Amino acid sequence: VTRVRVTLNGIIHTCFNDLDIMLVAPSGQSLVLMSDVGGCNGIGNATNLTFDDLAPATLSPASTPPTAFSSRPVNNAPGDPFPAPAPVPSGATNLSAFQGIDPNGDWKLYIVDDQTGDMGSMRDGWTLDLVTTTQVCNTSPMTPSSGGAAARLRTSSLTSWPAHADGSAARWRAPSAPPSGCAATASRSSI
């Protein structure tokens with residue numbers, strides 16, 4: 001995995017500040033995507049909320065996000081507990097914490113409302129976007145045309161799929177291994 005992006009599709013809550021949301025990879029690596037941010041407006045508009053290390057902003061504790069918003073992960077109050085079966089959150093602060101891991105298996109999203117009195121739902125499930133990179137090798141010698149260093153070609157695949165609205169895990173299976181003799185595979189998959 002070289003890049004991860006998560007979108008909550010149609011999340012509705014009257015007080016986003018009450019939500020603690022954590023992503024867990026098949027390896028067990030975890031990241032709190034948001035905690036104690038997003039404001040409390042009492043209205044509960046549906047929002048498509050994307051978490052991306054390249055987002056231009058972060059959620060604020062004082063203001064509710066618009067109906068579509070991209071944010072870098074922000075854990076405003078580290079130490080919020082997630083009940084079992086969720087793992088204890090790691091200290092990771094960016095989605096780059098998932099770089100280099102094997103993406104195969106179940107990715108899980110845990111959402112906790114840590115206060116009483118407000119309510120919400122996630123109307124349209126969540127989407128996990130993974131970018132993976134596979135190095136391609138050449139079985140015969142490469143000769144650079146201008147006397148430069150030998151080149152290595154890289155291919156990327158972007159995998160995106162909606163997880164289930166009931167909160168069950170998204171499962172990703174990498175493309176089959178390249179055949180022997182240095183070939184490469186790259187694909188885009190949806191489940």
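This is a guided tour of the structure above, stop by stop, with a selection to make at each one.

**Before you start**

The model is predicted, so local features need a pLDDT of at least 70 and side-chain atom pairs count only at pLDDT 80 or more, while totals for chains, interfaces and linings use all residues. Residues are numbered from 1 along each chain as its sequence is written, and side-chain values use heavy atoms, with hydrogens and water left out.

**Stop 1: the whole chain**

Show the protein chain as a cartoon. It has zero helices and 11 strands. Helices (H or I, at least four residues) and strands (E, at least two) are DSSP runs, numbered from the N terminus. Along the sequence, the pattern reads β-β-β-β-β-β-β-β-β-β-β.

Now switch on the surface. The accessible surface of the chain is about 9,800 Å², and carbon and sulfur atoms hold 53% of that. Accessible areas come from the Shrake-Rupley method with a 1.4 Å probe; for residues, only the protein chains shown count as cover. Of the 191 residues, 37% count as buried. Buried means under 20% relative accessible area, exposed over 50%, and partly exposed in between (1.4 Å probe, protein chains only).

Contacts come next. A contact means heavy atoms within 4.5 Å. Among contacts with a separation of 6 or more, 69% join residues 24 or more positions apart.

**Stop 2: strand β2**

Select residues 19-24, which make up strand β2. Six of the six residues are buried, so β2 is largely enclosed by the rest of the structure. Turn on the side chains. L19, I21 and L23 point one way, while D20, M22 and V24 point the other way.

Add residues 105-113, strand β7. β2 and β7 run antiparallel and are joined by six bridges. Two strands pair if DSSP finds at least two bridges between them. Look across from M22: Y110 stands opposite in β7.

Then add residues 30-35, strand β3. The pairing of β2 with β3 is antiparallel too, over five bridges. M22 has V32 as its bridge partner in β3. β2 and β3 form a hairpin with five residues between them. Stop in the turn at G28, which has a positive phi of about 100°.

**Stop 3: the nonpolar cores**

A nonpolar core is a set of buried Ala, Val, Leu, Ile, Met, Phe, Trp, Tyr and Cys residues joined through side-chain atoms within 4.5 Å. Select V4, L8, L23 and W107. These touch the most other members of the largest core, which has 27 residues. β1, β2, β3, β4, β7 and β9 each give two or more residues to this core. β1 gives the most, with four residues.

Zoom in on V4. Leaving out residues up to four places away in sequence, V4 touches L23, F51, L95, F98, W107, L128, D129 and L130.

Next, select V24, V32, F82 and Y110. They are among the seven residues of a second, separate core.

**Stop 4: the salt bridges**

The whole structure holds three salt bridges. A salt bridge is a side-chain nitrogen of Lys or Arg within 4 Å of a carboxyl oxygen of Asp or Glu.

- Select R3 and D52. Their closest N and O atoms are 2.5 Å apart. R3 is in strand β1 (residues 3-13) and D52 in strand β4 (residues 47-52), 49 residues apart. R3 is partly exposed at 30% relative accessible area, whereas D52 is buried at 8%.
- Select R5 and D129. The closest N and O atoms lie 2.9 Å apart. D129 lies in strand β9 (residues 126-136) and R5 in β1, so the pair ties together parts that are 124 residues apart in sequence. D129 is buried, with a relative accessible area of 8%, and R5 is partly exposed, with 25%.
- Select R123 and D124. Here the closest N and O atoms are 3.1 Å apart. D124 is partly exposed, with a relative accessible area of 42%.

**Stop 5: G38**

Finish in the loop between β3 and β4, where G38 sits. G38 is buried, with a relative accessible area of 0%. Draw a distance from its C-alpha to that of S60. The two residues are 22 apart in sequence, and the C-alpha atoms are 5.5 Å apart in space. Which residues is G38 in contact with, leaving aside neighbours within four places in sequence? They are F16, N17, L59, S60, P61, S63, T64 and P65.
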